[in-house]
Amino acid sequence: MQGIKKFSTAVAAAALMALGTVPATAQDQIDGKPNLNGVWQVMNNANWNLEPHSAASNPVADRLLGAIGAIPAGLGVIEGGEIPYNDAAQERLAAHKENVIYHDPEAACYLPGIPRATYMPYPFQIIQGNNDDILMVYEYASANRVVHMQEVGIPPIDTWMGTSYGQWEGDTLVVTTLALGPGLVKLPAGEMVEGVTWLDRAGNYLTNHATVVERFTLAEGGNHIDYEATIEDPTIYTRPWTISMPLYRRVEDNAQLLEFKCVPFSEQLLYGDLIEDQGAE
């Protein structure tokens with residue numbers, strides 16, 4: 001019954017969120033823990049590349065979009081500046097970098113996975129109740145995940161968003177996500193491959209062997225969260241590594257998530273050749 005109660009609470013909250021009726025609250029704590037309720041968003045360019053990078057032209061759209069499609073520069077959000085890939089991971093990483101549009105799951109409107117969902121250039125909402133699971137809902141592709149407030153378990157299957165388990169360490173919400181694996185997917189380029197979770201538009205990635213541990217710490221004043229995520233995946237990295245960034249509360253009147261159901265926007269990329277063939281008949 002407890003699991004049913006928690007699931008029902010999450011669904012009800014999501015429905016209210018979709019209508020824009022979840023009110024902001026000035027309550028400092030919920031059940032003795034920091035109140036993380038609100039709409040949050042990053043102010044950085046991590047989704048283009050987690051590592052430090054210069055501004056650059058878009059590799060496939062510069063002729064059509066010019067500066068509108070250009071890649072903005074970023075200082076990077078990785079402790080130490082770079083992702084410690086092992087030698088075995090370099091071949092796939094190189095293939096990603098050579099196909100940064102046609103292989104990126106974001107272009108196909110696939111679910112973003114964790115931690116990428118947090119720092120995409122779209123807001124997300126945290127819905128926290130009394131002694132209950134926590135729901136995180138993302139504007140991009142209507143993605144969502146339930147943070148199960150319990151000891152870390154063994155997920156039954158791999159999924160795009162993985163399975164998340166949460167615990168409080170003092171005033172910090174610690175979320176461990178496992179089983180991040182989309183399985184066999186059709187890439188925007190048309191290939192069917194065993195999918196991995198992309199971390200940014202530069203092709204950085206993790207596999208379904210990864211453990212992602214996020215830490216959400218509400219800062220003084222309550223209008224930003226100190227966020228960090230440590231990623232461990234011995235199949236492709238030489239050591240665990242960490243990203244960190246602030247998440248800013250959206251404080252405008254009636255702050256809410258709007259719809260970005262991107263499936264129709266990806267159809268030409270995924271199926272344009274088939275659509276053209278049908279039109280020629």
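A salt bridge here is a side-chain nitrogen of Lys or Arg within 4 Å of a carboxyl oxygen of Asp or Glu. I'm keeping that in view while I go through this model, which is predicted.

**Entry 1: salt bridges**

I searched the whole structure and got 6 salt bridges. I started with Glu214 and Arg145, whose closest N and O atoms are 2.8 Å apart. This pair links distant parts of the chain: Glu214 belongs to strand S13 and Arg145 to strand S6 (residues 144-148), 69 residues apart.

Are the two partners buried or exposed? Glu214 has a relative accessible area of 0%, so I put it down as buried. Arg145 comes out at 3%, so it is buried as well. The cut-off for buried is under 20%.

Next I looked at Arg215, whose side chain meets that of Glu169 in a salt bridge at 3.2 Å, N to O. Again distant parts of the chain are linked, with Arg215 in strand S13 and Glu169 in strand S7 (residues 163-169), 46 residues apart. Arg215 is partly exposed at 27% relative accessible area, and Glu169 counts as partly exposed at 44%.

I also noted Glu252 with Arg250, a salt bridge of 2.7 Å from N to O. Glu252 is partly exposed with 38% relative accessible area, and Arg250 is partly exposed with 31%.

Last on this page, I found Asp104, Glu106, Arg116 and Arg201 linked in a network of salt bridges.

**Entry 2: the barrel**

I traced the sheet next. In what order do the strands close into a barrel? I read S3-S4-S5-S6-S7-S8-S13-S14-S15, which is 9 strands with mixed pairing. On average, neighbouring strands of this sheet are turned by 30° against each other, direction ignored.

I then followed S15 (residues 241-249) on both sides. With strand S14 (residues 224-232), S15 pairs in the antiparallel sense over 8 bridges. Ala229 stands opposite Ile243 of S15, and Asp226 stands opposite Pro246 of S15. With strand S3 (residues 38-41), S15 also pairs in the antiparallel sense, over 2 bridges. There I saw Gln41 opposite Tyr248 of S15.

**Entry 3: nonpolar cores**

Which residues have the most contacts inside the largest nonpolar core? My list reads Leu50, Phe216, Tyr237, Trp241, Ile243, Met245 and Leu247, out of 44 residues in that core. Among the elements that each supply at least two residues of this core are helix H4 (116-119), strand S4 (124-127), strand S5 (134-138), strand S8 (172-178) and strand S13 (211-218). S14 and S15 are on that list too.

I pulled up Trp241 by itself. Leaving out residues up to four places away in sequence, Trp241 touches Leu50, Ile78, Ile83, Pro84, Leu199, Ala229, Thr230 and Ile231.

Apart from the largest core lies another, of 6 residues, including Cys109, Tyr122, Ala141 and Cys262.

**Entry 4: the disulfide**

Those two cysteines sent me to the disulfide search, which gives 1 for the structure. Cys109 and Cys262 form it, with their sulfur atoms 1.9 Å apart. Why is this disulfide right-handed? I noted a torsion of about 80° about the S-S bond, and the hand follows because of that value.

The pair links distant parts of the chain, 153 residues apart. Cys109 is in the loop between helix H3 (90-98) and H4, while Cys262 is in the loop between S15 and helix H5 (263-280). I checked accessibility too: Cys109 counts as buried at 10%, and Cys262 is buried at 4%.

Methods
Residues are numbered from 1 along each chain as its sequence is written. This is a predicted model: local features need pLDDT of at least 70, side-chain atom pairs count only at pLDDT 80 or more; totals for chains, interfaces and linings use all residues. Side-chain values use heavy atoms; hydrogens and water are left out. Two strands pair if DSSP finds at least two bridges between them. Helices (H or I, at least four residues) and strands (E, at least two) are DSSP runs, numbered from the N terminus. Axes are lines fitted to C-alpha atoms, for helices over the stretch in contact, and angles run from 0 to 180 degrees between N-to-C directions. A nonpolar core is a set of buried Ala, Val, Leu, Ile, Met, Phe, Trp, Tyr and Cys residues joined through side-chain atoms within 4.5 Å. Buried means under 20% relative accessible area, exposed over 50%, partly exposed in between (1.4 Å probe, protein chains only). Contact means heavy atoms within 4.5 Å. A disulfide is a pair of cysteine sulfur atoms within 2.5 Å.
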